Amino acid sequence: MRVSRLRELKPTILKIGGSVITDKDKELEVRMQTINRLAEEIREASVQNLIIVHGGGSFGHPLAQRYAITEGFKEQTQKAGFSETHHVMTVLNGLFMDALIWRNIPAVSITPSSCIITKNGRIQRFEDAPLKMLLKMGFFPVLYGDAVLDSKLGFTILSGDQLVSMLATKLNAERIVIGVDVDGLYDDDPRVKKTAKMFKHLTLEELKRLESKLGKPTTCDVTGGMFGKIVELLPAIEQGIPVTIVNATKPNYIYKVIKGKKVKGTIIEKE
Ligand SMILES: Nc1ncnc2c1ncn2[C@@H]1O[C@H](COP(=O)(O)OP(=O)(O)OP(=O)(O)O)[C@@H](O)[C@H]1O
Ligand SMILES: [Mg+2]
């Protein structure tokens, strides 16, 4: 059978936050049990056309911050920092891939720094042929926030959130699922303000109105935390791709949501 006839492309894009699979209050602290549980949930759900993107958490962010990688290449000493930031992301990705592959999930890692170049921090070039072919063949491509080369800055940080949004718009995704360490999107940071109120449903207009009020990151997050995430997701929502934000630290939430079942969380839709 010809590969091109195997499957109609309309993937689900699943982002597993660094806030879920690592402890962002410490450095290089992986939550292996959580990774294993999520891999189990992904296997059990046995859905097709799934692209997984994971964040940097306590692996990528602290190093990126220490060496000011987001700001670009300014001095020679940053070079080893760029290498290290990229390297720790491959280590975290390796742990994530182990958990998937040991469960017989046909997941294949795609290294963003090898197929993407940004311009002033925005994705400029993306060699998408391998990803598309993997999808058509029924593999699960796995990408992650990474230290990447940048045609203006020399290098920078590409967030998993920008990747999710770009992949969703480019591939006209069915939907985006964002797993984080809180129950959804609130009117303020729920880890700081205990009285913060969670939104169950938001339209694009409602989201735009509240955008500026969302909390700035309190843990180390060089890509803007929840605020940065929402800003990145806007183009995908604009294109009509619905976004569900759920708590991936809670067992079975990711399983249920990728199976299309209802769970506590925030749904954002164009209208
Ligand atoms: N308005 C808000 N609603 C919900 N969470 C918020 C809000 N403002 C700030 N936050 C914080 O955002 C955090 C999640 O974003 P963060 O960028 O830290 O995680 P992540 O994207 O999963 O991690 P990574 O960037 O490593 O992938 C939550 O832990 C929460 O404390
Ligand atoms: Mg983040």
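This is a guided tour of a predicted model, stop by stop, beginning at the ligand and moving out to single residues.

Before selecting anything, note that residues are numbered from 1 along each chain as its sequence is written, and that chains are lettered from A and ligands numbered from 1 in the order in which they are written. Because the model is predicted, local features need pLDDT of at least 70 and side-chain atom pairs count only at pLDDT 80 or more, while totals for chains, interfaces and linings use all residues; side-chain values use heavy atoms, with hydrogens and water left out.

**Stop 1: ligand 1 and its shell**

Select ligand 1 and display the residues around it, where a residue counts as near if one of its heavy atoms lies within 4 Å. There are 26 such residues surrounding ligand 1, and the closest are S19, G57, D181, D221 and K229. By class, the shell holds seven nonpolar, 11 polar and eight charged residues, with Ala, Val, Leu, Ile, Met, Phe, Trp, Tyr, Cys and Pro taken as nonpolar, Asp, Glu, Lys and Arg as charged, and the others, Gly among them, as polar.

Next, colour the helices α1 (18–21), α3 (57–66) and α9 (225–238), each of which supplies at least two residues of this shell; α9 gives the most, with three residues. Helices (H or I, at least four residues) and strands (E, at least two) are DSSP runs, numbered from the N terminus.

**Stop 2: polar side chains at the ligand**

Now show the side chains of K15, R191 and D221 together with ligand 1. A polar contact here is a pair of N or O atoms within 3.5 Å; within protein, one must be able to donate a hydrogen and the other to accept it, and residues adjacent in sequence count only if both atoms are side-chain atoms. An N or O atom in the side chain of D221 is 2.5 Å from an oxygen atom of ligand 1, a polar side-chain atom of K15 lies 3.1 Å from an oxygen atom of the ligand, and for R191 the corresponding distance is 3.3 Å. Taken alone, ligand 1 exposes 640 Å², of which the protein buries 97%; these accessible areas come from the Shrake-Rupley method with a 1.4 Å probe, and for residues only the protein chains shown count as cover.

**Stop 3: helix α7**

Move to helix α7 (residues 160–170) and switch on a surface. Nine of its 11 residues are buried, so α7 is largely enclosed by the rest of the structure; buried means under 20% relative accessible area, exposed over 50%, and partly exposed in between (1.4 Å probe, protein chains only). The buried residues are G160, D161, Q162, L163, V164, S165, M166, L167 and A168. Following α7, select N172, whose phi is positive, near 50 degrees.

**Stop 4: two loop residues with positive phi**

Select L28, which lies in the loop between α1 and α2 (32–45). Its phi is near 50 degrees, a positive value in a residue other than glycine, and L28 is partly exposed, with a relative accessible area of 43%. Then go to N252, in the loop between β11 (243–247) and α10 (253–258), where phi is near 75 degrees, again positive in a residue other than glycine; at 39% relative accessibility, N252 counts as partly exposed.

**Stop 5: four buried residues**

Select F82 in helix α4 (residues 78–101), which counts as buried at 16% relative accessibility. Add T156 and draw the C-alpha to C-alpha distance: F82 and T156 are 74 residues apart in sequence and 8.5 Å apart in space.

Continue to F126 in strand β5 (residues 122–126), buried at 13% relative accessibility. From F126 to S114 the C-alpha to C-alpha distance is 9.2 Å, with their positions 12 residues apart in sequence.

L134, in helix α6 (residues 129–136), is also buried, with a relative accessible area of 15%. L134 and A107 are 27 residues apart in sequence and 9.2 Å apart in space, C-alpha to C-alpha.

Finish at P112, which is in helix α5 (residues 112–115) and is buried, with a relative accessible area of 0%. For a last distance, pick G260: P112 and G260 are 148 residues apart in sequence and 28 Å apart in space, C-alpha to C-alpha.
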